[in-house]
Amino acid sequence: MTVKPDAPMTLTVGDVAARSRVAPSAVRFYANHGVISAGRTTGNQRRFEASAVCRIEVARVAQRVGLTVREIAALFDGLSADPTPEEWGQVAHRLVSEAEERLADLRTHLAALGSGTRLCDIGRGHTIR
């Protein structure tokens, strides 16, 4: 994520947690994994930009789609510190594509499970009855 040098990092972990409706430990988890970024005070406390709240909310949607935290961090890589609607639109497009691909895979697995194939053979692609 590109951080603007003049962007105010004023939100505490607790502020971000309350606004994004997650536990403070989740805020630290997302920060540790590069989903959101924090500055540090002279007392070594984390401070976040207001956009961290939106990033966490989008990350939670991405997790429901099935992305890992590492994949979410990569998805957000290159976004500006305060993403434009166009940037969020690109993220949404990528999430929709990912969800559709995963849904197609799930449908394939459901069809295999209902095919009468022995379960131990499904993973091998065999259709032994």
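This is a short tour of a predicted model, stop by stop, with residues to select in your viewer.

**Stop 1: a pair of rings in H2**

Start by selecting Phe 29 and Tyr 30. The structure holds two aromatic pairs, and Phe 29 with Tyr 30 is one of them: the ring centres are 6.1 Å apart and the planes make an angle of 65°, an edge-to-face arrangement. Try turning the view until you see one ring from its side.

Are these two residues buried or exposed? Phe 29 has a relative accessibility of 36%, so it counts as partly exposed. Tyr 30 has 5%, which is under the 20% cut-off, and therefore counts as buried.

Keep Tyr 30 selected and show the helix around it: this is H2, residues 24-32. Now, which residues does Tyr 30 touch once its neighbours within four places in sequence are left aside? The contacts are Val 35, Ile 36, Ile 56, Ala 59, Arg 60 and Gln 63. To follow one of them, draw a distance from the C-alpha of Tyr 30 to that of Ile 56: you should read 7.6 Å, for residues 26 places apart in sequence.

**Stop 2: Arg 28, also in H2**

Step back to Arg 28, which is found in helix H2 too. Its relative accessible area is 34%, so Arg 28 is partly exposed. Beyond its neighbours within four places in sequence, Arg 28 is in contact with Val 13 and Arg 46. If you also select Glu 71, you will find 17 Å between the C-alpha atoms of Arg 28 and Glu 71, with their positions 43 residues apart in sequence.

**Stop 3: two turns of the backbone to look at**

Select Arg 21 next, in the loop between helix H1 (13-20) and H2. What is its phi? About 60°, a positive value, although Arg 21 is not a glycine. Most residues other than glycine have a negative phi. With 59% relative accessibility, Arg 21 counts as exposed.

Asn 44 offers another example: its phi is positive at about 70°, and this residue is not a glycine either. Look for Asn 44 in the loop between strand E1 (39-40) and strand E2 (46-47).

**Stop 4: where H3 meets H4**

Now show helix H3 (residues 51-65) together with H4. Two packed helices are described by the angle between their axes and the distance between the axes. Here the axes come within 10 Å and cross at roughly 130°. H3 and H4 are therefore oblique to each other, and their crossing is right-handed. On the H3 side, the contact is made by Arg 55, Val 58, Ala 59, Ala 62 and Gln 63, while H4 brings Val 69, Ile 72 and Phe 76.

Zoom in on Arg 55 and Phe 76 from that list. Arg 55 lies over the face of the Phe 76 ring, 5.9 Å from its centre.

**Stop 5: the ring pair between H4 and H5**

Leave Phe 76 on screen and add Trp 88. Their ring centres are 5.8 Å apart and the planes are at 80°, so this pair is edge-to-face. Which helices does the pair link? Phe 76 is in H4 (residues 69-76) and Trp 88 is in H5 (residues 85-113), with twelve residues from one to the other. Both Phe 76 and Trp 88 are buried.

Widen the view to the two helices themselves. The axes of H4 and H5 come within 10 Å and cross at roughly 145°, and the crossing is right-handed. Glu 71, Leu 75 and Phe 76 in H4 meet Trp 88, Val 91, Arg 94, Leu 95 and Arg 102 in H5.

**Stop 6: the loop and the helix beyond**

Between H4 and H5 there is a loop; select Leu 79 in it. Leu 79 has a relative accessible area of 5%, so it is buried. From Leu 79 to Val 91, C-alpha to C-alpha, the distance is 9.3 Å across a separation of twelve residues in sequence.

Finish with Ala 92, which lies in helix H5. Its relative accessible area is 38%, so Ala 92 is partly exposed. Select Ala 62 as well for a last distance: the C-alpha atoms of Ala 92 and Ala 62 are 9.3 Å apart, although 30 residues separate them in sequence.

How values were computed: Residues are numbered from 1 along each chain as its sequence is written. This is a predicted model: local features need pLDDT of at least 70, side-chain atom pairs count only at pLDDT 80 or more; totals for chains, interfaces and linings use all residues. Side-chain values use heavy atoms; hydrogens and water are left out. Rings of Phe, Tyr and Trp (its six-membered ring) pair if their centres lie within 6.5 Å; planes under 30 degrees apart count as stacked, over 60 as edge-to-face and the rest as tilted. Buried means under 20% relative accessible area, exposed over 50%, partly exposed in between (1.4 Å probe, protein chains only). Helices (H or I, at least four residues) and strands (E, at least two) are DSSP runs, numbered from the N terminus. A charge sits over a ring if NZ of Lys or CZ of Arg is within 6 Å of the ring centre and within 35 degrees of the ring normal. Contact means heavy atoms within 4.5 Å. Axes are lines fitted to C-alpha atoms, for helices over the stretch in contact, and angles run from 0 to 180 degrees between N-to-C directions. Angles under 35 degrees count as roughly parallel, over 145 as roughly antiparallel, 65 to 115 as roughly perpendicular and the rest as oblique. A crossing is left-handed if the near helix is turned anticlockwise from the far one by less than a right angle, and right-handed if clockwise.
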